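Here is a short tour for anyone meeting this structure for the first time. Have a look at the sequence and the 3D view, and then we'll walk through a few spots together.

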Amino acid sequence: MPVRLPLYRDDAVVLRVQKLGESDRIITMLTRRHGRVRAAAKGIRRTSSKFGGRLEPFGHVDVQLAGDFNNHARMLHTIRQAESIELYGKNLGRDYPRYTAASVIAETAERLTPVEHEPSLRLFQLTLGALRALSTAEHASTLVLDAYLLRAMGTAGWSPALTECAVCGSPGRHGAFSVSAGGVVCPDCRPPGSTRPSPSTLELMVSLVVGDWSIADVSEAAHRRECSGLVAAHLQWHLERELRSLPLVDRSNTEGESA
Ligand SMILES: [Zn+2]
């Protein structure tokens, strides 16, 4: 007799799709109420599949799942039903810069949730909002991505200091930026190796954090590039530190290549 697993329902953003044998896939999702969930979609590759094309990356879906949150030996849940709410991947697939930005967003969402089943409503909302903004194309994709990364880092407690010194907390738009110190630094605290970004770049970063698109949308390309560089360096530094402190991150080898 197969074990009857508890059923639950949630809405989710599809982050990743991986092969599981010939006809099945493992879907990695960020759910609204249950955090990051990995679940098998059985028979999804068959033409008669009840899932149709609904479980593709970047889609917002309503899913019914079977799985036991208390059974840590069976972390892989099973998707029973999936209804599409909005399949953003369909729009994004035709636009390479937007598709690339969506891929970075999905990867970052996964890396910021190293522990499965830990709810993070704020990160879910940010991820969904960023994919929606990419699909509607109302802002440049690099701006949507950097706004997402800055705010998503905030959910992990890694927001770069922008309006006060990262070391001593003295307020002000300090001119030097240090990734290892955690953001802008005042002249007294400035460590060796700090950079001096353009004041407009720092202003752009602040506008992305608070969502002031009237400033962000008219920013110059050079400042956007410098902003992206600082955001990426800041994120990378924290992710690497975090990974070193998390030796048991689940990267089991039962999975195939990305589909
Ligand atoms: Zn200081």
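Is Cys 189 buried, partly exposed or exposed, judging by its relative accessibility? Keep in mind that we're looking at a predicted model here. With a relative accessibility of 21%, Cys 189 falls in the partly exposed class, because buried would require a value under 20%. Cys 165 is another story: its relative accessible area is 2%, so this cysteine is buried.

**The zinc site**

Those two cysteines have a job in common: both give a sulfur to the zinc ion. The protein donors are the SG atoms of Cys 165, Cys 168, Cys 186 and Cys 189, lying 2.3 Å from the metal. Read along the chain, the donors show the spacing C-x2-C-x17-C-x2-C. Cys 165 sits in the loop between α4 (141–155) and β6 (176–178), while Cys 189 sits in the loop between β7 (183–185) and α5 (199–210), so this pair ties together parts of the chain that are 24 residues apart in sequence.

What is the arrangement of the four donor atoms around the zinc ion? It is tetrahedral, because the angles they subtend run from 102 to 114°, and the tetrahedral class asks for all angles to lie between 85 and 135 degrees.

**Two residues with positive phi**

Next, let's turn to the backbone. His 117 has a positive phi, near 70°, and is not a glycine. Ala 137, also not a glycine, has a positive phi too, at about 60°. Here they are side by side:

| Residue | Phi | Place | Relative accessibility |
|---|---|---|---|
| His 117 | near 70° | loop between α2 (96–111) and α3 (121–136) | 15%, buried |
| Ala 137 | about 60° | loop between α3 and α4 | 42%, partly exposed |

So which class does His 117 belong to, buried or exposed? Its 15% makes it buried, since the cut-off for that class is under 20%. Ala 137, at 42%, counts as partly exposed.

**Around Arg 16**

Our last stop is in strand β1 (residues 7–20), where Arg 16 lies. Arg 16 is partly exposed, with a relative accessible area of 23%. Which side chain does Arg 16 reach through a polar contact of 2.7 Å? The partner is the side chain of Glu 110. Ser 103 is worth finding as well: 87 residues separate Arg 16 and Ser 103 along the chain, yet their C-alpha atoms are 8.9 Å apart.

Definitions and conventions:
Residues numbered from 1 in each chain as written. Predicted model: local features only at pLDDT ≥ 70, side-chain atom pairs only at ≥ 80, totals over all residues. Heavy atoms only, no water. Donors = N, O, S within 2.8 Å, 3.2 Å for Na, K, Ca; no water. Tetrahedral: all angles 85-135°; square planar, octahedral: opposite > 155°, others 65-115°. Helix = DSSP H or I, 4+ residues; strand = E, 2+ residues; numbered from the N terminus. Buried < 20%, exposed > 50% of the residue type's maximum accessible area, 1.4 Å probe, protein only. Polar contact = N/O pair within 3.5 Å; in protein donor to acceptor, adjacent residues only side chain to side chain.
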